[in-house]
Amino acid sequence: MGDWGTQFGMIIYGYKHFVDAAAYERQPVVELGRLYRLVRQLMDVQEAQSQLPVAVAKVEQLTQSSLAAREAAAVAPAGEPLKRAEKTARLAADQRRSAEAERDSWQARCEAAARDGELSARLAAHPDVETSVLRETAKLHAGDADNRRLWQTFLPSCRADIQRIYDRLHVTFDHELGESFYHERCAPVLEALQSAGMAVDSQGALCVFLDGFETPMIVRKRDGAYLYATTDLATLQYRVETWQPAAILYVVDFRQSEHFAKLFAAVRQWGYTQIDLRHISFGTVLGKDGRPYKTRSGDTVGLDGLLDEAVHKAHEVVSQNDDGKPDGPELSAEQRQHIAQVIGMAALKYADLSQNRTSDYEYSPEKMLSLQGNTATYMQYSFARVHGIFAKGNIDPQVLRQRPECLHLTSPAERSLGLALLRFAEALDDALSDYRPNQLTQYLFDLAKRFSTFFEECPVLRADTPAERDSRLMLCDLTARTIQQGLELLGIQVVQKM
RNA sequence: GCGCCCGUGGCGCAAUUGGAUAGCGCAUCGGUCUUCGGAACCGAGGGUUGCAGGUUCGAAUCCUGCCGGGCGUACCA
């Protein structure tokens, strides 16, 4: 958990220069959020200002080489050389265009900042915020009294704010140790690496050079600060000492695969050869523009808003459906609210988990909040239907479960459903073998579809014989329990009425 | 430049890791329908799996080369 990184340097810098004491007094997290965004904005503009001339020069250079490539193509002899030259020219033109686009976007940001008087004044008063922020971060890490004190007062409210989201998502931890916990363990790790001859000085930084990698894994910056890799090494050592794990899974965006490849290589060389270390990488969430999705303006705001939207939309559908009941509405306002919570969260989680873990996907609220087709709602609906039958028939499933011999599969729909039920264990194995939750979602959707067919074709309470009725009730119960168990493994709840 | 990943009906995705006629959802079209809960069911159309070779009894999957896209690449995480 990132309780120690640059984001705290940003907040500390913001607090020292821009805090609104009264606002902080009233709502600390809101004010700290504002400060974070403010500092972020200053850093972004200054990045744009420093990148602009670089981009301009790059456009100039690429324009030259593009011209040269076109001239070369004009005089190239026909055949293979011409094709090659044309391709080079095309590539050069593409590069020039994308450089121009980049230049324009830096320029637009600079101009927007220039039009904002207050922002311009701040930029003038605070040149190079990024360096200042890094300095605050370094001071925090070095034990500076002021920064430590600020960090200690900020941390609880920041942590509590994040907890709100975890609570909404029902995410809990068995152990929780932040980056800060490992800080004091970093120096001994580096000493060990140095005495093992693995870590050496290079250009002022402490580096581990590894076979098969062009660049080293840097474990201590020139300015003395530790990095991501340092904490990862200390964390691994601590975990081995404390829990003797057989395997450690790192569930992290695939863009960090090189980092983990280096980390694992270093760790094995260090002597930890018995642990199964795995980077469970996943694809990037993309915005509408196909670029990685970011909430530059804040941190958890985007997610919070999405959760609200999911619940709100589910509430609309629940209400609409309940109002349309033949005998009038059945649900209280509280029930509707609870159902909307469960269904909305489920839709979001399912949208994420039903995707192939390794592929990118586009952040699209419309799709993520859909309640039709291959969605959690479909499974939850099956579960609720079973409870509808049990309620209407006054059935106690516990009684059924005493006599499993009552199960008889005669019609094709019953047989198809029964076969799917038997495959549950197999689906779990599939999901587990390569850490792919979508194997499980796919199974559950298949099961629920078969149940729908069964439900349509096979009357349960009005079955022809008591034996058939009992058998079908049993199938219903098994289906409901399988769906409930499967969804629970995905962190998704069910409701008896919806 | 080097490295990693991706390309599957209009759109979004699967494919038991090399097996049988490539599946599903949305969308489209057509049916069911005074329901054990229609947030449903049944059916139809739509594919040369980016292109070209190769390996194999068998390729969406493995190899090679193109085309197109994404990401990473020395002190961010």
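In the predicted model, R164 and D304 form a salt bridge in which the closest N and O atoms are 2.3 Å apart. Because R164 belongs to helix α7 and D304 to helix α11, this pair ties together parts that are 140 residues apart in sequence. The two partners differ in accessibility: R164 is partly exposed, at 38% relative accessible area, whereas D304 is buried, at 15%. The pair also takes part in a network of salt bridges that links D161, R164, R168, D304 and D308.

In total, 31 salt bridges were counted. Among them are pairs lying within a single helix. In helix α4 (residues 80-115), E100 and R96 are 4 residues apart, and therefore separated by about one helical turn; their side chains meet at an N to O distance of 3.4 Å. E100 is partly exposed, with 24% relative accessible area. A corresponding arrangement concerns helix α5 (residues 117-125), where R122 and E118 are likewise 4 residues apart, about one helical turn. The closest N and O atoms of R122 and E118 are 3.3 Å apart. Of these two residues, R122 is partly exposed at 21% relative accessibility, and E118 is exposed at 54%.

The contacts with RNA strand B were examined next. The strand is surrounded by 58 residues, of which K87, K221, N356, Y378 and F455 come nearest. Of the atoms of RNA strand B that come within 4 Å of the protein, 65% belong to sugar and phosphate. By class, the surface near the strand comprises 22 nonpolar, 19 polar and 17 charged residues.

Individual polar contacts involve both the backbone of the RNA and its bases. A polar side-chain atom of K449 is placed 3.3 Å from a sugar or linking oxygen of RNA strand B. Base atoms are approached by the protein main chain: a backbone N or O atom of V460 lies 3.2 Å from a base nitrogen, and a backbone N or O atom of L461 lies 2.9 Å from a base oxygen. Two or more residues of the surface near RNA strand B are supplied by each of β2 (205-208), α11 (301-323), α14 (376-393) and α18 (437-457). The greatest contribution comes from α18, with 9 residues.

Elsewhere, M1, V171 and F173 make up a nonpolar surface patch of about 230 Å². V171 is situated in the loop between α7 (145-169) and α8 (179-195), and its relative accessibility of 32% classes V171 as partly exposed.

Conventions. Residues are numbered from 1 along each chain as its sequence is written. Chains are lettered from A and ligands numbered from 1 in the order in which they are written. This is a predicted model: local features need pLDDT of at least 70, side-chain atom pairs count only at pLDDT 80 or more; totals for chains, interfaces and linings use all residues. Side-chain values use heavy atoms; hydrogens and water are left out. A residue is near a molecule or strand if one of its heavy atoms lies within 4 Å of it. A polar contact is a pair of N or O atoms within 3.5 Å; within protein, one must be able to donate a hydrogen and the other to accept it, and residues adjacent in sequence count only if both atoms are side-chain atoms. Ala, Val, Leu, Ile, Met, Phe, Trp, Tyr, Cys and Pro count as nonpolar, Asp, Glu, Lys and Arg as charged, and the others, Gly among them, as polar. Patches are made of residues with over 30% relative accessible area and no salt bridge: like charges are joined within 9 Å, nonpolar side chains (Val, Leu, Ile, Met, Phe, Trp, Tyr) within 5 Å. Accessible areas come from the Shrake-Rupley method with a 1.4 Å probe; for residues, only the protein chains shown count as cover. A salt bridge is a side-chain nitrogen of Lys or Arg within 4 Å of a carboxyl oxygen of Asp or Glu. Buried means under 20% relative accessible area, exposed over 50%, partly exposed in between (1.4 Å probe, protein chains only).
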